[in-house]
Amino acid sequence: MKGFDFGNSNLLEKLKAVKNKAGTLSFLRLIVFVVMGGLFVLSVSDSPIWIFFFVIAVVAFIGLIKKYNYHKDQEAIYVALDHINVFREKRVSRQLKDLEPGEEYQEKNHPFSNDLDLFGHHSLFQLVNHTVSQKGSDALAAGIKSDFDLKKASAYRKAIAELATIPHFLHAMESIGIAFHNDEKSDAGWITWLHEEERGNKVISAAAFLGPAGGLTLALLTYLGIVPGALFGIWILIGMFFLSMVFWRLKKAGESIPNRNQLKTYRYWLAILEKQQFKSPLLIERQSPFLTKGVEASKLFDQLDSLGLWIQNRMNLLYIPLNLIFWTDMFLYRRLVAWKREYANLVADYPAHLVQWEVLVSLGAFENEVGGKGAVIPVSRGLYGKEVSHPLLSPEVAVPNDFKIDEERGIILLTGANMSGKTTFMRTLGINCVLVNLGLSPFAKEFGFSEFQLYTSMRNTDNLGESVSSFYAELSRIKLLIDRIEKGEEIFFLLDEILKGTNTVDRIAGSEALIRQVANSNAYGIISTHDIELAELENKMGVVLNFSFHSEIHDQNIDFDYKLKQGACPSFNAHKLMELMGIRFGQEK
């Protein structure tokens, strides 16, 4: 691959220049094509000497096509780089509405993904996703929802940290994908075809050489007047018999091989990956399948592209006469058989490996663009965070908080006024745990946790289709949590406004019973509540600790500082909020 420019500055000027070059080459190509046609006529009607100049014109025409295609590809890359710049600004400013939301990945019964804004509008997926294929998007979503594995996360963290320092590589990979990739044809179909054996035989091999030799000889003898032109008809009839042996096999190959843009995506990606030097063990491991001995991985897609171009254009008016005279299908099929025998199984593995690179590029681009840059620290048990903030909030408005939970104080009762930040804080901790599990930097000065699994219960809604009330939905979530706790799993849970669907007496009694049950287990976490009566458990149970968010009530407004404070909330604001919304208290009938 001739080197492309992946610099993302001065794009308008560069785009204008490359368009002008492409326009000039297109005009020159037209002139040479006309000249080529004239020289061909002269070589037939005047003198064979013109064939020499015709060949020169053909070579020049092919060269102009290659240069034109290169500049059109460069133009597509510049357009893609501009797209990257625009979306980078949207991510930095947290204006995410135009980005792919990934709503199809929302999973109501997942341990945590439905509660932490991981997918949907204004979600982590929108902030992280730089993939271009459906399989890349699926793999990234699976990583976001994956079980926690700190060892794996550590290996990814080193790799992502390295990728974040080479933005040129990230821009190259992403812009190539945006410019050329499409999911028009399923990978599964053509990979299955790659694994299917193509069987040649001696008859096909003989015909592959007999066709060009016989056709050329017959054409020369006819031109010299030694044999009558009618023999061409007999030759063509014989050729049709042999061509029928490979027609359907080549037709299937033409339908299976991806389109040129898709092959171009793989080829350009591999050319970039082959040249890049990595230090991280994970990146070296992921690069190794492409560093094949004897032939470059990108060249294999060059070869497949060349075969596909000939196979998929066999029905055009220029090819058909040549095929009937020289039996070119036989030679083409013989080349296909040889290529598949040598390289098909190797090439079939590349798309799956490239999907993993889409994920790595996404994570590296996120770290480079908006990453939290926080330090991940080891924690023996529990969770610790210093100046932790929410990644989906603009850094200018996000309020950081410190937090610690361990085996001594393993249950945090979180109280506070309405809209004071309780739920956002819980999501802040949860989503930063997900970031660390992905191998990304947390949005905190320091952040770390032990080998736990995350479990949340926040967005519990009714479902008329399933005849499920929101209260029953919450109980079902809690039941799943209890089942996992009783199996001895180490769980960090986030329960928001616990048992809010029932009356106050039952809610307080049920909450206290659950807290006492969890207190004797291998689990720990945060329970938010409006029932200030539960704060008394701090004095009864050594494992319980109160934290709260406060508000300051004024005549016409309520102020929030969104800072976490130790101790139970001293006052609530629901009465004032209702007044501000127009509800009038103290009126008699």
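Student: In what order do the strands of the open sheet of 6 strands stand?
Tutor: The model is a predicted one. Its open sheet has 6 strands, and their pairing is mixed. The order is 6-7-8-4-9-12.

Student: Which strands stand at the edges of that sheet, and why is one side of each left without a neighbour?
Tutor: An edge strand here has a single partner strand, so one side of it is left without a neighbour in the sheet. The two strands in this position are strand 6 (453–457) and strand 12 (565–566).

Student: In which sense do strand 4 and strand 8 run, and which residue is the bridge partner of leucine 414?
Tutor: Strand 4 covers residues 411–416 and strand 8 covers residues 523–528. They are joined by 4 bridges and run parallel. Within strand 8, the bridge partner of leucine 414 is serine 528.

Student: Over how many bridges do strand 4 and strand 9 pair, and which residue does leucine 413 stand opposite?
Tutor: Strand 4 and strand 9 pair in the parallel sense, over 6 bridges. Leucine 413 stands opposite a residue of strand 9, namely asparagine 546.

Student: Which residue in strand 12 is the bridge partner of serine 548?
Tutor: Strand 9 and strand 12 run antiparallel and are joined by 2 bridges. For serine 548, the bridge partner in strand 12 is lysine 565.

Student: How many residues of strand 9 are buried, and which of them point the other way from Val544, Asn546 and Ser548?
Tutor: Strand 9 (residues 544–549) is mostly covered, with 6 of its 6 residues buried. In a regular strand, side chains alternate between the two faces of the sheet. Here Val544, Asn546 and Ser548 point one way. Pointing the other way, and also buried, are Leu545, Phe547 and Phe549.

Student: Which residue does alanine 375 stand opposite in strand 5?
Tutor: Strand 1 (residues 375–376) and strand 5 (residues 446–449) run parallel, with 2 bridges joining them. Opposite alanine 375 in strand 5 stands glutamate 446.

Student: In which sense do strand 2 and strand 5 pair, and what is the bridge partner of tyrosine 384?
Tutor: Strand 2 (residues 383–388) pairs with strand 5 over 4 bridges, in the antiparallel sense. The bridge partner of tyrosine 384 in strand 5 is glycine 448.

Student: What is the phi of glutamate 387, and is this residue buried or partly exposed?
Tutor: Glutamate 387 is found in strand 2. Although it is not a glycine, glutamate 387 has a positive phi of about 55 degrees. Its relative accessible area is 39%, so it counts as partly exposed.

Student: Where does tryptophan 327 lie, and what is its relative accessible area?
Tutor: Tryptophan 327 lies in the loop between helix 14 (319–326) and helix 15 (328–369). It too is not a glycine, yet has a positive phi of about 55 degrees. Tryptophan 327 is buried, and its relative accessible area is 1%.

Student: Which residues make the nonpolar surface patch, and how exposed is valine 35?
Tutor: Phe27, Leu28, Ile31 and Val35 make the patch, which is of about 350 Å². Valine 35 is found in helix 1 (residues 11–45). A residue between 20% and 50% counts as partly exposed. Valine 35 is therefore partly exposed, with a relative accessible area of 43%.

Student: Which residues form the negative surface patch, and where is glutamate 104?
Tutor: The patch is formed by Glu100, Glu103, Glu104 and Asp138. Glutamate 104 is in the loop between helix 2 (50–92) and helix 3 (124–128).

Key: Residues numbered from 1 in each chain as written. Predicted model: local features only at pLDDT ≥ 70, side-chain atom pairs only at ≥ 80, totals over all residues. Heavy atoms only, no water. Patch = residues over 30% accessible without salt bridge, like charges linked within 9 Å, V, L, I, M, F, W, Y side chains within 5 Å. Areas by Shrake-Rupley, 256 points an atom, 1.4 Å probe, with all protein chains shown as cover. Salt bridge = Lys/Arg side-chain N within 4 Å of Asp/Glu carboxyl O. Lys, Arg positive; Asp, Glu negative; His and termini not counted. Charge placed at Lys NZ, Arg CZ, Asp CG, Glu CD. Pairing = 2+ DSSP bridges. Buried < 20%, exposed > 50% of the residue type's maximum accessible area, 1.4 Å probe, protein only.
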